[in-house]
Amino acid sequence: ACGAGRDSVYLAQRGWQVTAIDYKANALERCNRLAKSTQVEITTLLRDLENQPQPLADLSTDLVLVMRYLHRPLFPAIDALIKSGGGIIYSTFMVGSEHFGSPRNPAYLLKPGELAKQFSGYEILVDEHRQLADGRPVALFAALKP
């Protein structure tokens, strides 16, 4: 769910080897164009994270970054692909966002404490709630895998 690749390119500019994933080929094309225009290299993978069985099983990484995306069935797969000593940074919309606009579907709204519970074996560095300029609450979560 890398979208146009803004966050992927940001990490690549800072020296990370980045694999960006999306189920839309045109999103990956935009991501690759942005990477090329900023003179960084990234790997892109066309994968359906919600409907493809085990879409992350062949991957292993030091860092997972998830921004404004929530598909709870992926939590165990995300945990499995993070190497020991690696981390997760997760920011997405929380319950309460439906009062300000989208997303409204509870399936896409994180509950308070949900990430801390899901990644309870991790060293939690940040588990905060913030508000966007439009009032929507978002979670900011960062943790290290032992």
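**View 1. Four strands make up an open sheet in the order 3-4-6-5, with mixed pairing.** This is a predicted model, and the sheet is a good place to start looking around. Strand 3 (61-67) and strand 5 sit at the edges, each pairing on one side only. On average, neighbouring strands here are turned by 5° against each other, direction ignored. As a reminder, strands of a sheet pair through backbone hydrogen bonds, either parallel or antiparallel.

**View 2. Strand 6 (residues 137-144) is largely enclosed by the rest of the structure.** Count along the strand and you'll find that six of its eight residues are buried, so the label "largely enclosed" fits. The next two views take its pairings with strand 4 and strand 5 in turn.

**View 3. Strand 4 (residues 82-93) runs antiparallel to strand 6, and seven bridges link the pair.** Two residue pairs help you find your way along this seam. Tyr 90 has Phe 141 of strand 6 as its bridge partner. Thr 92, meanwhile, stands opposite Ala 139 in strand 6.

**View 4. Strand 5 (residues 123-131) pairs with strand 6 through eight bridges, again in the antiparallel sense.** For a landmark, look for Val 126, whose bridge partner in strand 6 is Ala 142. The two strands form a hairpin, with five residues between them. Zoom in on the turn and you'll come across Gly 135, which has a positive phi of about 100°.

**View 5. Cys 2 and Cys 31 have their sulfurs 4.2 Å apart.** Searching the whole structure turns up zero disulfides. Cys 2 is in no disulfide, and Cys 31 supplies its nearest cysteine sulfur. Why isn't the sulfur of Cys 31 bonded to that of Cys 2? At 4.2 Å, the two are too far apart for a bond, because a disulfide calls for sulfur atoms within 2.5 Å. Both side chains belong to buried residues: Cys 2 has a relative accessible area of 18%, and Cys 31 comes in at 0%.

**View 6. Tyr 10 is found in helix 1 (residues 6-13).** Is this tyrosine buried or partly exposed? Tyr 10 counts as partly exposed, with a relative accessibility of 45%. To place Tyr 10 against another part of the chain, go to His 71, which is 61 residues away in sequence. The C-alpha atoms of these two residues are separated by 23 Å.

Technical notes. Residues are numbered from 1 along each chain as its sequence is written. This is a predicted model: local features need pLDDT of at least 70, side-chain atom pairs count only at pLDDT 80 or more; totals for chains, interfaces and linings use all residues. Side-chain values use heavy atoms; hydrogens and water are left out. Buried means under 20% relative accessible area, exposed over 50%, partly exposed in between (1.4 Å probe, protein chains only). Two strands pair if DSSP finds at least two bridges between them. Axes are lines fitted to C-alpha atoms, for helices over the stretch in contact, and angles run from 0 to 180 degrees between N-to-C directions.
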